[in-house]
Amino acid sequence: HYYITNNLSLTMGKMFLEHPGGTRLYSCAKCSTVLTNRANLLSTRFTGSTGRAFLFKKVVNLAMSEKQDRVMLTGRHIVRDVSCKKCKSRVGWMYEYATEEQQRYKEGKVILERALIAEINGIEEI
């Protein structure tokens with residue numbers, strides 16, 4: 001059983017997952033855990049190792065790797081790979097630091113690779 005809450009901790013063997021709400025959601029393609037919503041989508045013009053990728057301002061239910069220094073198409077960045085908290089499948093990366101001033105807008109933002117996520121309908125709030 002998985003319980004949805006704003007607390008992202010493990011209590012008595014149960015994993016607590018956060019839910020961002022919204023009518024259009026993005027979830028892990030492997031296990032369907034909700035990761036973010038359309039309101040957090042900043043750009044669809046990114047490319048990841050599997051092809052098209054999206055930039056989000058907030059993503060929940062992630063596990064993060066150690067920081068890594070990576071040279072990308074837009075310059076050198078310090079990033080962390082991000083995985084689904086529930087099934088541990090890699091879904092993208094988070095920008096920690098950009099060495100070039102014009103790339104700093106990415107800092108703290110998350111890239112989710114389109115091939116590794118699913119877009120699903122959420123629940124309309126009343």
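In the predicted model, L62 is in contact with L35, V82, S83, K85, V91 and V110, neighbours within four places in sequence being left aside. Several of these residues recur in the largest nonpolar core, which has 15 residues. The members of this core that touch the most other members are L35, V59, L62, V91, V110, L112 and I117. Two or more residues are contributed to the core by each of the strands β4 (24-28), β7 (51-56), β10 (75-84), β11 (90-98) and β12 (110-113). Another core, made up of eight residues, lies apart from this one; F46, M72, V79 and Y95 are among its residues.

The chain as a whole contains 13 strands and zero helices. Read from the N terminus, its elements follow the order β-β-β-β-β-β-β-β-β-β-β-β-β. Of the 126 residues in the chain, 42% are buried. Contacts were also considered by separation in sequence: among those between residues at least 6 apart, 44% join residues at least 24 apart. The accessible surface of the chain amounts to about 7400 Å², and carbon and sulfur atoms account for 51% of this area.

Aromatic rings form four pairs in the structure. In the pair of Y26 and F56, the ring centres are 5.1 Å apart and the planes stand at 65°, so the arrangement is edge-to-face. Y26 belongs to strand β4 and F56 to strand β7; the pair therefore ties together parts that are 30 residues apart in sequence. Y26 and F56 are both buried. Together with F54, these two residues form one aromatic cluster. The strands that hold the pair, β4 and β7, are also among the elements that give two or more residues to the largest nonpolar core.

Zero disulfides are present in the structure. C31 takes part in no disulfide, and the cysteine sulfur nearest to its own, that of C84, is 3.5 Å away. For C87, the closest cysteine sulfur is that of C28, at 3.6 Å. This distance is too far for a bond, because a disulfide requires sulfur atoms within 2.5 Å. C87 has a relative accessible area of 22% and is therefore partly exposed, the limit for a buried residue being under 20%.

Two residues that are not glycine have a positive phi, and both are found in loops. S32 has a phi of about 70° and lies in the loop between β4 and β5 (34-37). N61 has a phi of about 60° and is located in the loop between β7 and β8 (62-64). With a relative accessibility of 2%, N61 counts as buried. The side chain of N61 reaches the backbone oxygen of E18 at a distance of 2.6 Å. Strand β8, which follows the loop of N61, spans residues 62-64. L62, which is one of the core residues that touch the most other members, has contacts beyond its sequence neighbours that include L35, V91 and V110.

Key. Residues numbered from 1 in each chain as written. Predicted model: local features only at pLDDT ≥ 70, side-chain atom pairs only at ≥ 80, totals over all residues. Heavy atoms only, no water. Core = buried A, V, L, I, M, F, W, Y, C linked by side-chain atoms within 4.5 Å. Buried < 20%, exposed > 50% of the residue type's maximum accessible area, 1.4 Å probe, protein only. Helix = DSSP H or I, 4+ residues; strand = E, 2+ residues; numbered from the N terminus. Contact = heavy atoms within 4.5 Å. Phe/Tyr/Trp six-rings, centres within 6.5 Å; stacked < 30°, edge-to-face > 60°. Areas by Shrake-Rupley, 256 points an atom, 1.4 Å probe, with all protein chains shown as cover. Polar contact = N/O pair within 3.5 Å; in protein donor to acceptor, adjacent residues only side chain to side chain.
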